[in-house]
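Student: Got a minute to go through this one with me? Let's pin down a term before we get to the residues.

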Amino acid sequence: MAGHGNLPIRVIGGWGVDAAMLATLIHDWPGPVTQLDLAGDLLANLSPDASGVESAARRLLARYPEPSLWLGWSLGGQIAMAAAGQAPDTVCGVVTLGGFPRFVQSGHCSPGMAAATFEAFLRQFDDDSHRCWQRFLALMASDGQGRSDRRALRRWLQAGPPQSDDDLALTLGWLADSDQTLLWQNLTTPALHLWGTQDQVVSATMADQLLAANSRALLIEGMDHWPRDEAGQVCRQHLLTFAHSLQETVQ
């Protein structure tokens, strides 16, 4: 019987971000770690609509068939959830960070980004993709008062986007189109969903939505869209506790 001491973890980054930005959460993880970005051959010949999310999940499941914990950040959370829905014997638990069943609002009362705001973001990307990406990173690490953590962002801004413009455009289509509402409400795999109270990308009201009986939602006080520093340590502790709770289900 395996405990969290040797439970592999698959860490999936989101739109425009490197999975390595979650180093605080998985530093000295007691088991094998695989960091995965939404880029390159993973996305080759995939559709820009919601089916692309499902296809990306199938590709990752084929590459990593061993029972493991899947951690998805932002759009990466949709990939992790799709994998859990497709292969519950492989994905023994799923954690989302700043995740969402649907990124763009589908109604006036639904959580998610307003359609007009997302359309404006798409126009900005078409006009100047690199500047748009820089603005996104600043928003991701914003406190909601117009102040961004430029010190923490410096390394990643200097490195540039971890995806090509084509990959970024493709996955923007997923953000626009993918709707996992039913999956989030009916998933049988144990799931932990973490949101930040200061997140300017994905609203903390996501925590109020209906979730599956085997899922748990937690709000992290003071956290924005990028778990790091003190908030990252809080997320790490929740992650380790969740992994430990899975030990009886992993052979």
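Tutor: Sure: contact means heavy atoms within 4.5 Å. This is a predicted model, where local features need pLDDT of at least 70, side-chain atom pairs count only at pLDDT 80 or more, and totals for chains, interfaces and linings use all residues. Residues are numbered from 1 along each chain as its sequence is written, and side-chain values use heavy atoms, with hydrogens and water left out.

Student: OK, what is Ser215 in contact with, beyond its neighbours within four places in sequence?

Tutor: Ala191 and His193. Ser215 is found in strand β6, residues 215-220; helices (H or I, at least four residues) and strands (E, at least two) are DSSP runs, numbered from the N terminus.

Student: Is Ser215 buried or exposed?

Tutor: Buried, with a relative accessible area of 15%. Buried means under 20%, exposed over 50%, partly exposed in between (1.4 Å probe, protein chains only).

Student: Switching to α4, which residues are buried there?

Tutor: Phe118, Phe121 and Phe125. They cover an arc of only 55° around the axis, so they sit on the same side of α4; the arc is that of the directions from the helix axis to the C-beta atoms.

Student: And what's exposed on the other side of α4?

Tutor: Ala116, Asp126 and Asp127.

Student: What covers the buried residues of α4?

Tutor: The cover includes α5 (129-140) and α7 (165-177).
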